[in-house]
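Colleague: I'm new to reading protein models. Could you walk me through a few features, one at a time?

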Amino acid sequence: AALRYYLCIGNNLDKCPDFKRCPGLTSLSLGQNLLRALPARVVQGLAELRWLSLEANRLPKLPGAVGTLKHLRHLMLQGNRLETLPEEIGSCSQLRVLEVQHNRLAELPASLARLRSLQFLYAHGNVLRDATEVFAILRAAAALKLVGLGGNRLELQGLGRADRLLPHARVGLGWNAGGQGFSEVQLTELLSCGEGWHFEPGSADGGRGRVLVVCFSAQGAPTAQWTEQVDACRS
């Protein structure tokens, strides 16, 4: 039978495998590795892909070839080093979930306005600045239900209420500080995680220090859900 699902998570992988013998692949998970590049030739050979997970790697950019993924529905890029997203992403006509939180994005591509199926956009924890431009792009993506824009550098004064800026979606805008950033908050590490923790290797240099854990949960009490992980930090 043809291979449909490929998972290689948390294996210190520093080069993207070649999937030319897997043209029917529909789900690819390469999260929590050490990838610094996603070759265009790899993307172009995965025309049937519906799920692509590359979170918590070291990717500085995404190839424009991502626009060839016409069946892609869920794209996970959080926790990388992305400074831009290619305009070709607007050709992913079936994309429903885009996760780009905790990168280095200063702007969103205008082509996001063409994503008529996009329902969930997570872009918090970047360095987005131009709120007027961001909302102009997102207003055209009429299927949006939830948008995360917190922890950026958006200047929100004078824009009015969030529910009027994007009336068809719920919008998170907390922890925005205009162009000043968060100079008053000294954090040595900033990370997000799903089911596991991911730190840069050797980032703590063997030292010990305090850890601030902020838990957001959509299911039950966060203190109960994250007890085990917090206890692991304390040890």
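Modeller: Sure! Let's start with a rule: a salt bridge is a side-chain nitrogen of Lys or Arg within 4 Å of a carboxyl oxygen of Asp or Glu. Keep in mind that this is a predicted model.

Colleague: How many salt bridges does that rule give here?

Modeller: The general idea is that side chains of opposite charge can pair when their charged atoms come close. In this model the count is 2. In one, glutamate 48 pairs with arginine 50, with 3.8 Å between the closest N and O atoms. Glutamate 48 is partly exposed, at 32% relative accessible area, and arginine 50 is partly exposed at 32% as well.

Colleague: And which side chain does arginine 41 meet?

Modeller: That's aspartate 18, at 3.5 Å from N to O. Arginine 41 sits in helix α1 (residues 40-44) and aspartate 18 in the loop between β1 and β2, so this pair ties together parts 23 residues apart in sequence. Arginine 41 is exposed, at 52% relative accessibility, while aspartate 18 is partly exposed at 46%.

Colleague: What about aromatic rings: how many pairs turn up in the whole structure?

Modeller: For rings, you describe a pair by the distance of the centres and the angle of the planes. The search finds 1 aromatic pair. Tyrosine 6 and phenylalanine 19 meet edge-to-face, with centres 4.9 Å apart and planes at 80°.

Colleague: Is phenylalanine 19 buried or exposed?

Modeller: Buried, because its relative accessibility is 5% and buried means under 20%. Tyrosine 6, at 26%, counts as partly exposed.

How values were computed. Residues numbered from 1 in each chain as written. Predicted model: local features only at pLDDT ≥ 70, side-chain atom pairs only at ≥ 80, totals over all residues. Heavy atoms only, no water. Phe/Tyr/Trp six-rings, centres within 6.5 Å; stacked < 30°, edge-to-face > 60°. Buried < 20%, exposed > 50% of the residue type's maximum accessible area, 1.4 Å probe, protein only. Helix = DSSP H or I, 4+ residues; strand = E, 2+ residues; numbered from the N terminus.
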